[in-house]
Structure formats: structure tokens, C-alpha cells
Amino acid sequence: MHFSKEIINWYHLNKRDLPWRNTRNPYKIWLSEIILQQTKVIQGLSYYLKFIKHFPTVQDLAQAKEGAVLKLWQGLGYYSRARNLHYSAIQIVSEFDGKFPADYATLIKLKGVGDYTASAVSSFCLNEAQPVVDGNVYRVLSRYFGVENAIDSTLGKKKFKTLANDVLDKKQPGLHNQAIMEFGALQCVPKNPECKKCPLVSSCSAYSNSTVTILPHKQKKIKQRHRYFNYFVIRHGDDTYLEKRTNKGIWENLFQFPLIETAEKLAIDKLVRLPEWDALFNNSTYKIDTVRKEIKHILSHQIIHARFFEIIIIGSFESNYLKVLLDDIDKYPVPILIGNYIEQHISSVSV
DNA sequence: AACTCGGGGAT
DNA sequence: ATCCCAGAGTT
């Protein structure tokens, strides 16, 4: 099968120079793979460099506070990756004496490491013959071999995994895996691929059948739900107040301004009548200073309609929320929705 | 098997 | 607007 040979040849001519390709350190490879899950290389690159600088070894990562890891992860999304990264680092130091595993069987047991990541790290570090199947591989294989099965169906996943294993160059699996993913990322792209420049065009099923635009197939379409978040930016002298999101769901363990979620967008006078409002400002004199224009924050499964109410407390104030100096607010990990607000309305004001 | 978890860039 | 990204965990 000349498929792998052609892909690898293409790779040598077209590959990008990326920092995690210049090492076989399993810690660094693992870190890069976690960062790159569902994340484009261009978006993850600066985070990888930050993490390597702050945490050069798995011991450094294990010794950090979770909040520090989340702060460094801020803005990258899918924060369970950061929590699991930290969790696994601690486990590796305590259970493996700090020696980072590079074999598939051990890697797959780590939190945050699934079939893709275990295959990637073990093939890159040890040349284990484990085929990677990521979004790029689904696209390349479905088009070149004309596989019609949906990539998000159980049968489809199984078939693509088998096919990926069949075409894997068992003598240089690491190189092969890098090559097929890079090929998907740069040449066999989702929209308007330049098939005329493709070295595999003459044997590509999708090209000859004019199915390039419709492959790969996907069956599920995600639906979003609307949520209405009312944040209260409390000012009391040099202080404001934050809370930690501890529930399951989005942004777990990140901080935010005190929040009242409502089922729909409410007029302010309606909001003031909610019992949560009393809990927020109980026994204090306050005034609503500013109500910012609604921000629409789009997530993959949710559309957050966020409003920021700037409250000024007059006189004394007792609260169960976390009291934070305005000057210290940048130390806390926050969702980018909150981070953008802070950047626009607090950080620039206080300096 | 279906759902949930972010944010950004390309089209 | 819609799709997708070097996927994984939970229900």
C-alpha cells in the first residue's frame, strides 16, 4: 500500500516546525497532546510554551496548586483537561516515582488520556504500533478510502480505527501518525481542499466520486440551550467579591462574580424581587451603579446571555462570598467571559 | 448511545 | 450562521 509512503513523503516536504516534535520526552509530548485535544495547533502553541516554562517537569506540575494550573489554562477552554492534567501529574509523581510512562497500556489508565492520546504518546516516544484516530485522520481516511460510515457512530469509530491500523506503517508508526495528522491539517482540509496539489489525488476515492465536500459523514447535530447569567460586580472600597464554581458543569473550579441565573432575561425590577438578591445584599445599603449591555457568549452546547450589574456598597458589608482586592483579581482563574469583562472594566481602570 | 465540556478561527 | 479543531468523561 503506497498510501503511507506518499503521506510520509508529503510530510517531509510540508511539515511545520513545532516544539513538541523536537523531543521524545513523554511528559512534554503528553502535555502537548492534552493541550491539542479539540484545539488547533495555532491556538494551543502559546499555552504549550507557557506550561513548559512554568512546569519544566512533571514534578513541577504536581507541586503546583490546581488554581495555578487553571490560571495558566485560562482561555483555552475544556477546563477538565487542566484539572485532569494536574491530577495525573500528582499520580505519576506519587505512584510512578516521577518517571513518566510512555507505553500505551499505562497511559490509557491516566485521567484525561483516551485512545487517541495514548496512541499518540506511545507511538511518538516509543514507536509503539498504535494508530492515532483524530479529526484529521477521520477526514483523510474517509475521503481517500471512501468510507461512508458516520465518524460519530459506534460502528464508524470501530471501522476507522481498524482502517487506521491497517494502513499504519508498523516500522515507523510515530512518523506515520504525525504525517497523516499533518496531512489532514494542511492538505486534506475540511473546506475547499486544493485537491489539484494533492499527491494522492489520482487514487483518492472521494475525488473520483466527487464526494470530497460531503465526507466525512456525521450523524449528530448538537443543539444549544440558552442561559441567562446575571453577574454582580460589587464594589466596596478597594474590594470586590468572587465565588468559585464548584458544581458539575461548565467552568468547574473557576471563579466568577456572584451570579444569579434566571430562566429568561428579566427586567431589573423583577430581578430585585428574587430571594437570591436579598441573600447577596442582605443588611447593606447599596446602589446599582451601572448595568452593562448584554454579552452573548457562545459555547458548543450553550448560549450564555450575560449581564454585569455594577453595585456600589455604601457603609459596612458582610458577605459569605470571597473578598478580593480589585488589584488582586487577575490572580484568579476565570472563564474568558469574566476575563474579558475584567480587562475592559476593571484592570484598565485600577492602574 | 447520547450528552457534556470552551473558545477561536475559517468559511 | 455553521463547522471544526492532534477527544475524553459521564450518564
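This is a tour of a predicted model of a protein with two DNA strands, B and C.

**Stop 1: DNA strand B**

Select DNA strand B and the residues around it. There are 24 such residues, and Thr154, Ile250, Trp251, His297 and His301 come nearest. Colour these residues by class: 8 are nonpolar, 12 are polar and 4 are charged. Now look at the strand's side of the surface. Of the atoms of DNA strand B within 4 Å of the protein, 60% are in sugar or phosphate, and the rest are in bases.

Three polar contacts can be picked out here, each with another part of the strand.

- Select Gln43. An N or O atom in the Gln43 side chain is 3.2 Å from a base nitrogen of DNA strand B.
- Select Tyr78. Here a backbone N or O atom lies 2.8 Å from a sugar or linking oxygen of DNA strand B.
- Select Trp251. A backbone N or O atom of Trp251 lies 2.6 Å from a phosphate oxygen of DNA strand B.

**Stop 2: DNA strand C**

Move to DNA strand C. Which residues come nearest to this strand? They are Leu36, Gly112, Thr117, Arg139 and Met181, out of 28 residues around DNA strand C. Sugar and phosphate make up 61% of the atoms of DNA strand C that come within 4 Å of the protein.

Next, select Trp20. An N or O atom in the side chain of Trp20 is 2.9 Å from a base nitrogen of DNA strand C. Then select Gln38, where a polar backbone atom is 3.0 Å from a phosphate oxygen of DNA strand C. Gly135 also has a polar backbone atom 3.0 Å from a phosphate oxygen of DNA strand C. To see where the surface near DNA strand C comes from, show H2, H8, helix H9 (135-145) and helix H11 (173-186), the elements that give two or more residues to it. By class, this surface has 10 nonpolar, 9 polar and 9 charged residues.

**Stop 3: Ser32 in helix H2**

Select helix H2, residues 26-36, and find Ser32 within it. Is Ser32 buried or exposed? Ser32 counts as buried because its relative accessibility is 1%, and the cut-off for buried is under 20%. Leaving out residues up to four places away in sequence, Ser32 touches Trp20 and Tyr48. Trp20 was met at the previous stop, where its side chain comes 2.9 Å from a base nitrogen of DNA strand C.

**Stop 4: Ser119 in helix H8**

Go on to helix H8, residues 115-126, which holds Ser119. Ser119 has 0% relative accessibility and therefore counts as buried. Show the side chain of Ser119: it reaches the backbone oxygen of Asp115 at 2.8 Å. Which residues does Ser119 touch, not counting those up to four places away in sequence? These are Tyr104, Gln130, Pro131, Val132, Lys161 and Asn177.

**Stop 5: the nonpolar cores**

Hide the DNA and turn to the protein interior. The largest nonpolar core has 94 residues, and Trp30, Tyr231, Trp251 and Phe257 touch the most other members. H2 gives the most to this core, with 7 residues. Trp251 appeared at the first stop, where a backbone atom lies 2.6 Å from a phosphate oxygen of DNA strand B.

Select Trp30 and show its neighbours. Not counting residues up to four places away in sequence, Trp30 touches Leu61, Leu85, Ser88, Ala89, Phe100, Val113 and Val121. Last, select Phe232, Tyr241, Leu280 and Ile311, which are among the 13 residues of another core, lying apart from the largest one.

Methods
Residues numbered from 1 in each chain as written. Chains lettered and ligands numbered in written order. Predicted model: local features only at pLDDT ≥ 70, side-chain atom pairs only at ≥ 80, totals over all residues. Heavy atoms only, no water. Helix = DSSP H or I, 4+ residues; strand = E, 2+ residues; numbered from the N terminus. Buried < 20%, exposed > 50% of the residue type's maximum accessible area, 1.4 Å probe, protein only. Polar contact = N/O pair within 3.5 Å; in protein donor to acceptor, adjacent residues only side chain to side chain. Contact = heavy atoms within 4.5 Å. Near = heavy atom within 4 Å. Nonpolar A, V, L, I, M, F, W, Y, C, P; charged D, E, K, R; others polar. Core = buried A, V, L, I, M, F, W, Y, C linked by side-chain atoms within 4.5 Å.
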